[in-house]
Amino acid sequence: MKIGEAQKQYRAQRAALVQYKRKLQKQKESMEKKINATVDGKEVYANEAAILELSIKDANEKFDKNQEVLDALTEQYVAVWNMEVARQQRDVASEHAADLAKIIEVARRIGKGAHVPAQDEKKLMDYSMEMYISAKNLAMLNEQKKKEKYDSLWEEEKEEKEYDPQGEAENAEVCVDLPEIDLEGIC
């Protein structure tokens with residue numbers, strides 16, 4: 001079962017439990033009024049009050065169990081979400097590192113006096129004008145050497161990867177044991 005589906009089912013169960021607890025609370029208040037309005041009310045309504053208290057206790061236990069499952073599902077959801085965000089950050093960092101390596105290589109090539117594409121020179125200038133000027137000054141020292149010609153280090157712009165942490169988290173498989181949804185006696 002997917003986390004999103006499980007959360008939806010257990011939230012629905014929780015809503016039913018909340019309504020049931022409210023119903024029981026109203027019954028308890030009504031019972032207390034009957035007990036207070038009747039002479040020897042505690043003895044007359046003792047069985048009904050005991051049954052009502054047991055029902056309230058059972059509803060509270062079911063609610064707590066449901067909350068534990070929802071908490072576990074939320075922990076899993078957040079873990080998958082964080083993993084997807086970390087993957088996104090890793091990809092951005094690795095792209096940045098690759099671009100930086102290319103910029104350094106362009107500066108090295110310019111410094112050797114080689115011919116590099118104008119777009120590569122522009123990327124170097126955009127990154128660091130000081131680095132560009134240093135490479136050009138070094139190129140002037142290497143004017144007498146044979147000049148090589150290089151192709152661009154940057155390929156055509158790649159497609160942007162799409163990241164969907166919420167979708168990944170909702171569609172991940174549940175890794176916890178899910179108890180049966182028990183609405184017996186509630187609805």
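# Exercises on helix packing and burial

At 12% relative accessibility, R109 counts as buried, where buried means under 20% relative accessible area, exposed over 50% and partly exposed in between (1.4 Å probe, protein chains only). The model is a predicted one, in which local features need pLDDT of at least 70 and side-chain atom pairs count only at pLDDT 80 or more, while totals for chains, interfaces and linings use all residues. Residues are numbered from 1 along each chain as its sequence is written, and side-chain values use heavy atoms, with hydrogens and water left out.

**Exercise 1.** Place R109 in its helix and list its contacts.

*Solution.* Start with the element: R109 is found in helix α3, helices being DSSP runs (H or I, at least four residues) numbered from the N terminus. Next, taking contact as heavy atoms within 4.5 Å and not counting residues up to four places away in sequence, R109 touches A114, V116, Y150, D151 and L153.

**Exercise 2.** Test whether the end-to-end distance of α3 agrees with its number of residues.

*Solution.* The expected span of a helix is 1.5 Å times one less than its number of residues. For the 66 residues of α3 (residues 46-111) this gives 98 Å, and because the end C-alpha atoms are 96 Å apart, the two values agree. Beyond the helix, α3 is followed by G113, whose phi is positive, near 90 degrees.

**Exercise 3.** Identify the residues of the largest nonpolar core and the elements that supply them.

*Solution.* A nonpolar core is a set of buried Ala, Val, Leu, Ile, Met, Phe, Trp, Tyr and Cys residues joined through side-chain atoms within 4.5 Å. The largest such core has twelve residues, namely I103, V106, A107, I110, A114, V116, L124, Y132, A135, A139, Y150 and W154. Two or more of these residues are given by each of α3 and α5 (129-141), and the largest share, four residues, comes from α3. Apart from this core lies another, of eleven residues, among them I3, A6, Y10 and Y77.

**Exercise 4.** Describe how α3 packs against α4 and against α5.

*Solution.* Two packed helices are described by the angle between their axes and the distance between the axes. Here the axes are lines fitted to C-alpha atoms over the stretch in contact, and angles run from 0 to 180 degrees between N-to-C directions. Angles under 35 degrees count as roughly parallel, over 145 as roughly antiparallel, 65 to 115 as roughly perpendicular and the rest as oblique.

For α3 and helix α4 (residues 118-127), the packing angle is about 110 degrees and the axes are 9 Å apart, and the two helices are therefore roughly perpendicular to each other. In this contact L100, I103, V106, A107 and I110 of α3 meet D120, E121, K123, L124 and Y127 of α4.

For α3 and α5, the angle is about 25 degrees and the axes are 7 Å apart, which makes α3 roughly parallel to α5. The contact joins I103, I104, A107, I110 and G111 of α3 to M131, Y132, A135, K136, L138 and A139 of α5.

**Exercise 5.** Classify the arrangement of α4 and α5 and name the residues in contact.

*Solution.* The axes of α4 and α5 come within 5 Å and cross at roughly 130 degrees, which makes α4 oblique to α5. The residues that make the contact are E121, L124, M125 and Y127 of α4, together with M129, M131, Y132 and K136 of α5.
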